[in-house]
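Student: I should like to understand how the terms used for a protein model are justified. May I ask about them one at a time?

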Amino acid sequence: MTSARIRIAHAGDAAALHQVHCATWREAYADLVPPEVLDERERTGLTRWEQVLTDDAGMTVWLAHRDGRPVGLARAEAAGVHQVRSLQLSELYVLAGEYGRGTGAHLLELAVGDAPCMLWVARDNARAVAFYRKHGFEADGAEQQVEPWGALPIIRMVR
C-alpha cells in the first residue's frame, strides 16, 4: 500500500489539522492520559492550529490526506540553543488506519529529512518508540513528565 498524499498545510487547513490531531491522540493516548486531557485538546486545539498556521514566523506543517480525508500531520522546529540537537520533530501523528502504509515515514522525511534531530515521545507508546528507532532515533536517557497531560512520562530520542 502507498503513502497518503502529503502537502504543506495552509491557514484554511486548521480544522482538518485539529480533526486529525484529536483523532490520533484518542487512538494513541487513550490509555496513557486522563480523559480530560483529550477533552481539553478537543476544546482548545482548533485555536492553536489557527495560530500556528497564521504565524508570520511560520513553521512548515505537513498534512497527509487520503481520499480527501486528513490522516496525518507533522512539523519540526528549531530546538533552541541549549538542546542536544538544533532541530526538533515537534509533532508526527497518523491515524491507526495508516500504520504500515508509509505515511508516517513519508511525513518524517518531509519534516526533518536525514538531519540530526531530537524528539520527545511518550515512554509507554511502544509503537511510536519502535517507529522512531526504525528511523535511526535512540533514547538518550533524558526523561520528564508533562504535568498538564496527567504527568505523562516522555523520553527524548535523538539521531
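Student: Why is the contact between Glu98 and Arg101 called a salt bridge?

Tutor: A salt bridge is a side-chain nitrogen of Lys or Arg within 4 Å of a carboxyl oxygen of Asp or Glu. In this predicted model, the closest N and O atoms of Glu98 and Arg101 are 3.3 Å apart, so the pair satisfies the definition. Side-chain values here use heavy atoms, without hydrogens and water, and residues are numbered from 1 along each chain as its sequence is written. Because the model is predicted, local features need pLDDT of at least 70 and side-chain atom pairs count only at pLDDT 80 or more, while totals for chains, interfaces and linings use all residues.

Student: Is Glu98 buried or exposed, and how do you know?

Tutor: Buried means under 20% relative accessible area, exposed over 50%, and partly exposed in between (1.4 Å probe, protein chains only). Glu98 has a relative accessible area of 3% and is therefore buried. Arg101, at 22%, counts as partly exposed.

Student: What does the salt bridge between Arg123 and Glu143 tie together?

Tutor: The side chains of Arg123 and Glu143 meet at 2.7 Å, N to O. Arg123 lies in the loop between strand S5 (118-122) and helix H4 (126-134), and Glu143 in strand S6 (residues 138-146), so the pair ties together parts that are 20 residues apart in sequence. Helices (H or I, at least four residues) and strands (E, at least two) are DSSP runs, numbered from the N terminus. Arg123 is partly exposed at 37%, and Glu143 is partly exposed at 44%.

Student: How far apart along helix H2 are Glu40 and Arg43?

Tutor: They are three residues apart in helix H2 (residues 35-54), which means a separation of about one helical turn. The closest N and O atoms of their salt bridge are 2.7 Å apart. Glu40, at 36%, counts as partly exposed, whereas Arg43, at 57%, is exposed.

Student: Which residues are linked in a network of salt bridges?

Tutor: The network links Arg48, Arg75, Glu77 and Glu91. The structure holds 13 salt bridges.

Student: What makes strands S2 and S3 a pair?

Tutor: Two strands pair if DSSP finds at least two bridges between them. Strand S2 (residues 61-66) and S3 have six bridges, in the antiparallel sense, so they meet the definition. Within this pair, Trp62 stands opposite Ala74 in S3. Strand S3 (residues 69-78) is mostly covered, with seven of its ten residues buried.
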